[in-house]
Structures are given as structure tokens and as C-alpha cells.
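Colleague: I'm new to looking at protein models, and I'd love some help with this one. Could you take me on a close look at the disulfide, with a little of the setting around it?

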Amino acid sequence: MPTAGRTSGRRPFAYAAGLLVTSLALLLSLPGAATAQSAAGRGTPPPITHPDADHAGSGLQRQGGSGVPAQPSVAAAAAGTLAGLDVSSYQGVVDWAAVRSNGAAFAYVKATEGTTYTSPSYSGQYTGSYNAGLIRGAYHFALPDRSNGTAQADWFVGHGGGWSADGRTLPPALDIEYNPYGATCYGLGQSAMVSWIRAFSDEVRAKTGRYPMIYTTTDWWTTCTGNNGSFGATNPLWIARYAGSPGTLPAGWSAQTIWQYADSGVFPGDQDRFNGSLADLQALALGNGGTPPPSAGWPTVQQGQSGRQVTTVQYLLNAHGASLAVDGVFGSGTGSAVRSFQSSHGLAADGVVGPATWQALLVTVQQGSTGPAVSAVQAELNAHGASVAVDGVFGSGTGSAVRSFQSSHGLAVDGVVGPATWQALVS
């Protein structure tokens, strides 16, 4: 039985083999030697020698992120989110009942890699997570230098990467990250990489009816796609960053759907957080939502402005520990509090509340919640025509007003103020 967490020393044999292959590939790339480059007509890549060691985040570990524990602030920063995990064949048999009892709501399971590998643990892990009551999905580890995106999508969908509208199956996911066998970007230029990802995404969509979740890091995405922003409107983002916040996201996404924040913790495998409520997670599984709203839907609030959006920013800053007078005026004190919040959450500290800062500020609230974030909701509801007391207590009256607002704006009517409802309120 696997232990609850993983350390940077795991997979010693497979990892050592991978380092050897990578070293040989680098030697072969020297002038006068045969090269092991991409499948785009420039030579044969090195063999796939450690697929059991390739998983969502293995490249991040090789970049120096391995073994970084979740910071104490993660639990607080993740308020209003759901706990989950991702596993691969390294974990083998997982005690899913224990995972569920420890608070996990969802899981992603590695199914395939390239066009030749299927995880020997996939079936047991995928079925076991479902039987334990988790909402689960499958992911594919991409090797873009081996074959085209369409071929790898077909292999993935044919070997576990499907989807059904049962409310328990997350969209298929593409793990696109640092190359475990050589050059970071697999020998592809930025335009070619974007085309590869687009081909994979479109084929998964054609085969399953869902665009795949994209797992990546901001660094890899910027380096290998030129920070392409064209996927944010269709593909949910699964961002990897082992720190106290998701940090700056790749272009095109105003918020992450899932954040992988550590490679060990209470659950086997990697530790993840879903950005929303259980109702939001269920909507994502059903295909009725889950992709964070586009950046265009978030207002920009900055120094010199006044009004309800400034009031909401002030309430939310107070919910995160500030002590501002909630007066609806964006003065120097509010600006200083915004910059301090941005700095502590890995955002550009420019004092401007744009899409990324809004998403970091949001706190999911529902019946029974109390505090400044509830006051912000109540003030926004009143600005949209409700008549509730702004007392910071989420009672039945506030719940009724939230459901009425959600119904009139085409949102899931669950009485929970998650990212989609927040965006509609502040826009």
C-alpha cells in the first residue's frame, strides 16, 4: 500500500534511467554526432524508458520544484475550494476509501503516454476512485516529438481517456510539460507546439464532446508556446505551482480550474485544489460549466475610482486580513492593501484589480458563512435590486436573493456564491 505522500527520492531506478538517457541524448547532440530530435523529420527521439515515472509534475520536480511542501498559508488561501489529488502507476493500489475519508472530492488518474503506453494501474485506480465516491477523470502525458497531436489523442481516448455525462467524470486532461527525455520543448518551435496542442484538443473534442483540461506550468507554457492565449476560452486550466498561490497564469486564462500545489501531502500522489464549490465541480463533470469566465468579464478597479466595485474590493481585502474602511473610495490606503495582497499571492504588484487579482480575492460563500466576503455579496445583491441587510451573515434571506440572482443570470441555482456568480455580481 502506498504511503500518503511522495518524496523527491521516489522512483529511484526509473529516474536514474531517465537521467542516463537524457545525458546520452545531450552527448549525441554535440557537433558531429547523431542527433535525437523531434519527430518532425529531424531524427529519432531517444526511447521511452521510464513511462511509469512520468506524471503530472515530474518535469516540475526536475526543474527544482520537487519536495516543496504546501506552505501553511495554502489551506487559508484555498478557502472555498475542494481538495483532490492526481495519481499514476507509481502509487499502484490506492486506498480510495481512506482518500475519501480524508476529504478528497476529486481525482485525476494517468491513463496513457505517447502512443504506446497505458498505465498498468489505470483501471484499478480509475474504478476505485469512482467506487469511493470521488468525481474522477483521466489524463494523458504528452510526448509531442513522438507523433502528432491527433494520433496521441486517439490513443488516449481509446485507452481510458473518454468522457460520459454521468456527473462523476471530469473532462479528459492533457499533461503538457517539461520533456523527460531531452529538450524542454521537445524540439518544436512555439508555433508548431501550439498546432500540436490544438490538434490534440480538437481531436479529443471530436471524439468525446469535451475539450480537454490542460495541465501545465506558466514557465513551460510561456517558453514553449510563446504564452499563447487562444485556449482559455475552451480548455479549463490545471496549473502546477508548488507555492502558496497559483501565481501568474498563462495568457488567456483569468483563473485556474485546478491548482496542483504540492507533490506530497495528506493524499497519495500530487495534491490539488479545485477552484469552486461541489456544485461547480459537478457542473464541470456534467459539461454545464467549470471553465473559469474569460478575462473580458472582469472589471478593472484602480486608484481614483469609487462606487460599488471598490466597495466589494475593500470588503474582500478585509476578508483576507486587511483593515480598510469600506467607503467605496479607492484611495492610497486601498491601493497599498491591493499591492500587499498581490505581492503575497505571487501576482504583479501594480495596485490594479484586474482579472487575476479578482480571482485571487474571491471567497466562495454560502448558507452559514459569515464575515466581510458575505457583506460584499450582500452589497452587490442590493446593487442588483435585492433588499437584504448588509450584516455579514449568510442567512435564508441572502440565500434566497442569491438564488434569484443566479436564476435571472442563467447560472446554476444552488445558492452558493462561487467564481461564476461572483463574476456576474461584480461585472
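Modeller: Happy to! This is a predicted model, and of the 427 residues of the protein, 51% count as buried. The fold is built from 15 helices and nine strands. If you take contacts between residues at least 6 apart in sequence, 66% of them join residues at least 24 apart. As for the outside, the protein exposes about 16000 Å², with carbon and sulfur atoms supplying 54% of that area.

Now to the part you asked about. A disulfide is a covalent bond between the sulfur atoms of two cysteines. The count for this protein comes to one disulfide. Its partners are Cys 185 and Cys 224, and their sulfur atoms sit 2.0 Å apart, which is within the 2.5 Å cut-off for calling a pair a disulfide.

Where do Cys 185 and Cys 224 lie? Cys 185 is in the loop between β5 (173-175) and α7 (190-208), while Cys 224 belongs to helix α8 (residues 218-225), so the pair ties together parts that are 39 residues apart in sequence. Try finding the loop and the helix in the picture, then look for the link between them.

The bond also has a handedness. The torsion about the S-S bond of Cys 185 and Cys 224 is about -80 degrees, so this disulfide is left-handed.

Are the two cysteines buried or exposed? Buried means under 20% relative accessible area. Cys 185 has 15% relative accessibility, so Cys 185 counts as buried. Cys 224 has a relative accessible area of 1%, so Cys 224 is buried as well.

For some practice with the same ideas, turn to Thr 311 in helix α10. Thr 311 has a relative accessible area of 17%, so this residue is buried too. Leaving aside residues up to four places away in sequence, Thr 311 touches Val 326 and Gly 328.

Helix α10 (308-319) also helps to cover another helix, α15. Helix α15 (residues 419-426) is mostly covered, with seven of its eight residues buried. Among those buried residues are Pro 419, Trp 422 and Leu 425. Besides α10, what covers the buried residues of α15 includes α9 (278-286), α12 (355-361), α13 (372-383) and α14 (396-408).

So, back to your disulfide: keep in mind that Cys 185 lies in a loop and Cys 224 in helix α8, and that their bond is left-handed.

Terms used: Residues are numbered from 1 along each chain as its sequence is written. This is a predicted model: local features need pLDDT of at least 70, side-chain atom pairs count only at pLDDT 80 or more; totals for chains, interfaces and linings use all residues. Side-chain values use heavy atoms; hydrogens and water are left out. Helices (H or I, at least four residues) and strands (E, at least two) are DSSP runs, numbered from the N terminus. Buried means under 20% relative accessible area, exposed over 50%, partly exposed in between (1.4 Å probe, protein chains only). Contact means heavy atoms within 4.5 Å. Accessible areas come from the Shrake-Rupley method with a 1.4 Å probe; for residues, only the protein chains shown count as cover.
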